[in-house]
Amino acid sequence: MIPPPAPPPDGDPVRHHYAEVSYPGGAFSRTHPARQAAIARLFGLVPPPVRGARVLEIGCAQGNNLLPLAARFPEARFVGVDFSAHEIARGRALAADAGLDNIEFVCADLRTYDPGPDSVDYLIAHGFLSWVPDDVKSALFALCARALSPRGLAYISYNTYPGWKQREALRELMLLRAGPATDPAARIASAHAALASLERLLDGRPESHAGLNREIIASLRKKRPEHLYHDDLEGVNDPCYFLQFTAWAAEHGLAYLAEAEWETMFAELLPATARSALAEFSHDRLLLEQHLDYLRNRTFRASLLHRAGTRLHRDPDPAALRDCVFGTPLHPPLGLPSLAPGAPVRFGAGSPLAFESQDPLVKALFTVLSAAWPRRLAYPELHASVRRLLAASRVDAPADLDSPLLSRLLDACGRRLVDFLIDSGLDCASSPTSPHAARLARLMAARDLPVVNTWHEMIPLEAPARALLATLDGAREHFDATERPLLDTLAASALLEPHRASAASVSSTPTA
Ligand SMILES: C[S@@+](CC[C@H](N)C(=O)[O-])C[C@H]1O[C@@H](n2cnc3c(N)ncnc32)[C@H](O)[C@@H]1O
């Protein structure tokens, strides 16, 4: 059904297509080594400290994911590899302009890339595996096997079956309609025409496949043309089953640890009928995960691998959370909520994650964390604040607050109500007093690149907020009435630094 891809002008069609149309890469919070490390700790694996780690990203494009990490951790070393000379040149230029000397961009084909003698503590390959041919896939697993340090972690994301089956059918229709056209704009236009035809064909049809196709069409239409071109119209697009992925990893001496999207792992949070249907797979964690993919019709995974042979806990150990920092934007209604047992309080009004609790400890936990937002709190500070709040509210706290608090935290992290990372000394300003933003953030704002906050989250900004961010070099003291609310937004998004950095690092305002 799929027409043959365009002939490769330089011998490699994938490389040719990335040279032809630049891929607008992003930053992905799940790839943050401190998030990976927090998950690993829960299973008893203690990865190297992030602050001095060696981080390697494969298929890094222009470095939009790696550069903000390098800026946050000056003592760590970062290497980005991509075979697109154009993207690598852009990454190098941005690193130089931002004054980063702990990041190196290497223009190489993964099939021949040599990482050198140093081991890698965190290896990231986001948006890569499903879009490369089998020999490159093997090279990725072989690199992990060769370069990962004994307690190192590899993050690899990929498209999965069964969810991708129907998407594949739409992709094949788009390829059919694009035919032998090689011009990117023509291929993108044909793809949209194919989606429009299919939508008309399905118009008003009540069947379940029609509904699913309409959903996929809507998601494809939302994509930027460059993303559609590479994600959906490339010659190679190769989703796999979870068990296929873990089998490839095992062939290279690598074992599955967990999902970087931690909240997708908890079968115990499913309805009782689904839980009992999954019970027959409880002896085999991988088979259970595979069945969860059928339950969710899953299309995507971001899996963490480690070297096989390390003995780990089967179940997450809440005690590991003592080394983490926590944050949540799910606020109670204005004012101090009642912490009394049995009094219901709703947190996160207006958010899809909103929930209600009557549990004094849960209420105290969310009251403390949301008051600190967008800062994250380290466990000792959180523990002390929760105890103080309970005492001030005259609610009895258990003498041993530690274990009930840790188990509430584990549950909240598993439901994505609370974000957690290994404590690696990061912090942000909670209010816009003497506002200044990191030099890289200012540069990326000025150049219309993805803007990433302290916690490695991409923050969508309107043009005025972006323009203001680009000017926050720490020297500005006066802001007009239109800028003040924008400053509040930037502070609430964790885009402002906690303290004025040294004059040398803030004195110059970057230009686009
Ligand atoms: C889909 S893009 C993903 C970019 C980025 N990781 C992201 O998710 O935003 C895939 C990247 O992998 C690079 N790539 C593909 N095959 C490669 C290979 N064999 N060796 C090195 N880089 C490769 C491409 O140049 C491209 O920048």
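Tutor: Welcome! Contact here means heavy atoms within 4.5 Å, and the model we are looking at is predicted.

Student: With that in mind, how many residues of domain 1 are in contact with domain 2, and how many of domain 2 with domain 1?

Tutor: The domain assignment places domain 2 at 164-229, while domain 1 is made of 32-161, 240-269 and 298-307. The centres of these two domains, taken over C-alpha atoms, are 31 Å apart. Counting the residues in contact gives 6 from domain 1 and 4 from domain 2.

Student: Which three residues supply 81% of the area that domain 1 buries against domain 2?

Tutor: Between them, the two domains bury about 450 Å², and 56% of that lies on carbon and sulfur atoms. On the domain 1 side, no other three residues supply more than this trio: Asn159, Tyr161 and Thr299.

Student: How many salt bridges does the rule find across the interface of domain 1 and domain 2?

Tutor: Such a pair needs a side-chain nitrogen of Lys or Arg within 4 Å of a carboxyl oxygen of Asp or Glu. Across the interface of domain 1 and domain 2, the number found is 0.

Student: Now the helices, please. At what angle do α6 and α8 pack?

Tutor: Helix α6 covers residues 164-178 and helix α8 covers 208-221. Their axes lie 10 Å apart, and the packing angle is about 60 degrees.

Student: Is the crossing of α6 and α8 left-handed or right-handed?

Tutor: α6 passes α8 in a crossing that is right-handed.

Student: By class, how many residues in the contact of α6 with α8 are nonpolar, polar and charged?

Tutor: From α6 come Gln166, Arg167, Leu170 and Met174. α8 brings residues including Leu212, Asn213, Ile216 and Ser219. By class, the contact has 6 nonpolar, 3 polar and 1 charged.

Terms used: Residues are numbered from 1 along each chain as its sequence is written. This is a predicted model: local features need pLDDT of at least 70, side-chain atom pairs count only at pLDDT 80 or more; totals for chains, interfaces and linings use all residues. Side-chain values use heavy atoms; hydrogens and water are left out. Axes are lines fitted to C-alpha atoms, for helices over the stretch in contact, and angles run from 0 to 180 degrees between N-to-C directions. Helices (H or I, at least four residues) and strands (E, at least two) are DSSP runs, numbered from the N terminus. A crossing is left-handed if the near helix is turned anticlockwise from the far one by less than a right angle, and right-handed if clockwise. Ala, Val, Leu, Ile, Met, Phe, Trp, Tyr, Cys and Pro count as nonpolar, Asp, Glu, Lys and Arg as charged, and the others, Gly among them, as polar. Domain bounds come from an automatic or database domain assignment. Buried area is the accessible area (1.4 Å probe) that two parts lose on being put together, summed over both.
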